[in-house]
Each structure stands twice: as structure tokens, then as C-alpha cells.
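Biologist: Before I use this model, I would like to go through the terms attached to it. Please show me the structure, and then I will ask what stands behind each one.

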Amino acid sequence: MIILGLETSCDETAAAIVRDGRVVLSSVVASQNDIHAEYAGVVPELASRAHAERLVPVVRAALEEAGIGLGMIDAVAVGHRPGLIGSLLVGVSGAKALAWSLGRPLVGVDHVHAHLYAGVLHEPGERPATPADDLFPAVGLVVSGGHTSLYRLESWTGLTRVGATIDDAMGEAFDKAAAILGIPFPGGPHLDALAESPGADDRAADLPVSRLGRESLDFSFSGLKTALLYAAKGVPGERSKTPPPPALTDGRRRDLAASFRRAACDAALLKITRAFDHAPVPPRALLVGGGVAANRLLRRELTRFAAARGAALVIPPLHLCVDNAAMIAGLAHVLATSGRTSDLSLQAQPTTSC
Ligand code: KG4
Ligand code: ZN
């Protein structure tokens, strides 16, 4: 089964062709970083206009790269929730038009669930890094610019969200931390690179790891962000009582980046540890996705954790961590083969409760 996937939930216009839910024949992503950089964040109206301009060329490029014609598509999938409503509407409308005109099924896919699926995709001729069977029960973590959610999974369609951020998403926290430190947009990858540089001291600042009580599986990053602000620029109104912070030299910036990254990753690991400890039966896999899954320290820590628990770590290569349409087309295969297709009444939904 060959599925064309579309993804326009935020600021990436993406199309992909995936065979049998696993083999990525093409994955084209048109990033809008250049459009939003001057605002240091995504401007929704600019994002939806850019999607409208780029969707058709991106679909054409995906077909060309895969070497197939539209007539060979068995189903059209689209990320229809959650996201920016104007952005989602472009992808959903485009997918409906394609599915209707081709006479093929339409499959609506949850963008956040699809991030968890990205780790089982592979290139043609490549051996899958992880077997698709035997992964369940699993714990799933999605950490991106818009989402930070923890799941228990019995199958690809049997997911329960057991935790989520109560304030900033983890990627958003990275981006805000980067802005505090004067690191250019998009902040997350740049901060990660700076924290990785030789000599970076991740204990230079004592930054808090949020727990939210002994049992909670929720996340909070706003306290960490404020602590970083104070460490970088001093405590407002307290200047007379506390010594001023060290000057924000390049070295200090590098150390604060490393300290922030360490605390943020410790917070994620803490909640994953709890999710494993609270699981009724030991999870067989840890599924991770979203832009922050590209973070080098997080990847090292997750690898270590999964090995210690005897669980498979299913984490995508870097280009499939960030928003892409291959994950949409991949999960759509599971949905379509279990009869979960949509009709033309499929709605773009800005939020999701699962
Ligand atoms: O999944 P994604 O492309 O979009 C959303 O669905 O939000 O994730 C983008 C987020 C941004 O906040 C970006 O700063 C963050 O992922 N990110 C990173 C890294 N690479 C991307 N954060 C930390 N370290 C990275 N290496
Ligand atoms: Zn995403």
C-alpha cells in the first residue's frame, strides 16, 4: 500500500510517500524558518499563507523523488490535529481535494501520535533499526516545540496520554532559553550545539528540575526558564541583596546553555523513569519523537536508560524527529489497514484531548 502523507500543522510544509507503513520513498519538507526568524517565533497568518503557496510544489517534489505518479497512490493521509488552525486547514483541504479527485481513501492522523511512529520508518533497502512487532506495551514521549506529552501504548492505536506539560513545551523552553542567552532562532538546535562544545560545564548554574509532587507524570519548564533568566541576568529588585551574576561572556553563555540542557533533560528522564516504574507490566519499548528528540544529550540519556531497563529505544534519525509527512503517511497505514479512514467531513482540530 502506497500512501501520500501531508503535514502542515505548524511551520513546515511537508509531503511524503511511504510504502507499507515503513519504507520512506520520499520525504520533502519546506521549512519556514526564514519567514519566522525575524519574529523569533511562528506567526500563524504568515505560516498558513506559506503553506498555501508551497503545498502543491512540495507534493509534486515528493512524487518526483519517489518516482511515482498520483495514480499509484492508494490513500491520502493528513495531519489534521493538533496545530495552528489556519495551517491545518491548508493541509486538510489539500488532502480532501486529492483524495476526492483520485477516488482514494482519506486518512486523518493525529500529529503527536505520528511523532511516536517516526522511529519505525526506514529508507528503501535499509534494514529497519527496530522491529515493529514486540514493541508493546510501550512508553512514549513526544517532545517538540508545541507538545510535551507522555503516553502508555498497548498498540499504535491504543494510546493513553498519562502526562503533559502544564506550561511551556520542552522545545519552547529551549527556544526561550536560547533567546535569554542571545542564541539565534531556531534556538533549540543552536543551544544544543553550544552546550556540546568542548569545556562546557553543565554544573555551572544550579538550575531546578521540576518534579510536581512525588507521583506526577506532568512536566513544567517555566521555573527552569526563570531560573536561567536570573542566572544570566540577575534577580530583579534583588540586585542590592544578591551579588550580580557573572558577565555573560561567551564562556558563561556556553556553560549556562549546558546547565539548562542538563536540567531540562533530567526533568524528561525523571518522568520517563516514573512512567516505567508505574507501568503495570514492564514496558518493552520506549518510543520517542518530536523536534527535541534530536537533542544530543537527551538521545544519549535515553539510550542509557532504555539499555538499563532492557527496553528497545525507538527514536527517529534527526531528519524525522522534526515535523515531516513520512510519520503521517506511516501511521496512516496502520489506521487504514484497521479500517480507520475518514470521509470528506474530516475536520482540522487545533487541540486534542488524547
Ligand atoms: O517537532 P517540531 O519540528 O515541531 C513541533 O511540532 O513543535 O519541533 C521543533 C522544536 C523547536 O522548539 C526546536 O527548538 C526543537 O524542536 N529542537 C531542539 C533540537 N532540535 C530541534 N531542541 C533541543 N535540541 C535540539 N537539538
Ligand atoms: Zn511536531
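Biologist: Which element gives the most to the lining of the second largest pocket?

Modeller: That is β5, with 3 residues. Keep in mind that the model is predicted. The pocket has a volume of about 260 Å³, and 16 residues line it. Those closest to its centre are Arg 81, Asp 110, His 113, Leu 335 and Arg 340. Besides β5 (106-110), the elements that give two or more residues are β4 (75-81) and α11 (326-337).

Biologist: What makes up this lining by class?

Modeller: There are 8 nonpolar, 5 polar and 3 charged residues. Asp and Arg count as charged, so Arg 81, Asp 110 and Arg 340, which are among the residues closest to the centre, belong to the charged class.

Biologist: What kind of peptide bond leads from Arg 81 to Pro 82?

Modeller: A cis bond, with omega near -20°. Pro 82 sits in the loop between β4 and α3 (85-102). Another cis bond joins Phe 136 and Pro 137, where omega is about 0°; Pro 137 is in the loop between α4 (111-117) and β6. Most peptide bonds are trans.

Biologist: What is notable about phi of Asp 20?

Modeller: Phi is near 55°, a positive value in a residue other than glycine. Most residues of that kind have a negative phi. Asp 20 lies in the loop between β2 (12-19) and β3 (23-31).

Biologist: How do you know that β1 and β2 pair?

Modeller: Pairing requires at least two bridges, and 6 bridges join β1 (residues 2-7) to β2, so the two count as paired. They run antiparallel, and Ile 2 has Arg 19 as its bridge partner in β2. Both belong to an open sheet of 5 strands in the order β3-β2-β1-β4-β5, with mixed pairing. Its edge strands are β3 and β5, each pairing on one side only. The twist averages 20° from one strand to the next.

Biologist: Which helices lie across the strands of that sheet?

Modeller: Helix α2 (residues 44-66) lies across β1, β2 and β3, at about 25° to β2. Helix α3 lies across β1, β4 and β5, at about 160° to β4.

Biologist: Why are β8 and β10 said to stand at the edges?

Modeller: They belong to another open sheet, ordered β8-β7-β6-β9-β10, also of 5 strands and with mixed pairing. β8 (159-164) and β10 (312-314) each have a single partner strand, so one side of each is left without a neighbour in the sheet. Neighbouring strands here are turned by 20° against each other on average, direction ignored. Within the sheet, β6 (residues 138-143) and β7 (residues 148-153) pair in the antiparallel sense over 6 bridges, with Leu 141 opposite Leu 150. Helix α8 (residues 250-278) packs on the sheet and touches β6, β7 and β9 (285-289), its direction making about 20° with that of β7.

Biologist: What makes the pair Ser 210 and Ser 220 a polar contact?

Modeller: The backbone oxygen of Ser 220 lies 3.1 Å from a polar side-chain atom of Ser 210. The cut-off is 3.5 Å, so the distance falls within it. Ser 210 is in the loop between α6 (187-196) and α7 (222-233). Leaving aside neighbours within four places in sequence, Ser 210 also contacts Phe 219, Leu 270 and Lys 271.

Terms used. Residues numbered from 1 in each chain as written. Chains lettered and ligands numbered in written order. Predicted model: local features only at pLDDT ≥ 70, side-chain atom pairs only at ≥ 80, totals over all residues. Heavy atoms only, no water. Helix = DSSP H or I, 4+ residues; strand = E, 2+ residues; numbered from the N terminus. Axes fitted to C-alpha atoms, helices over the stretch in contact; angles between N-to-C directions. Contact = heavy atoms within 4.5 Å. 1 Å grid on protein atoms, 1.4 Å probe; cavity = no way out; pocket = protein on both sides within 12 Å on 5 of 7 lines; lining within 4 Å. Points joined across faces, edges and corners; volume = space filled by probe spheres on them. Polar contact = N/O pair within 3.5 Å; in protein donor to acceptor, adjacent residues only side chain to side chain.
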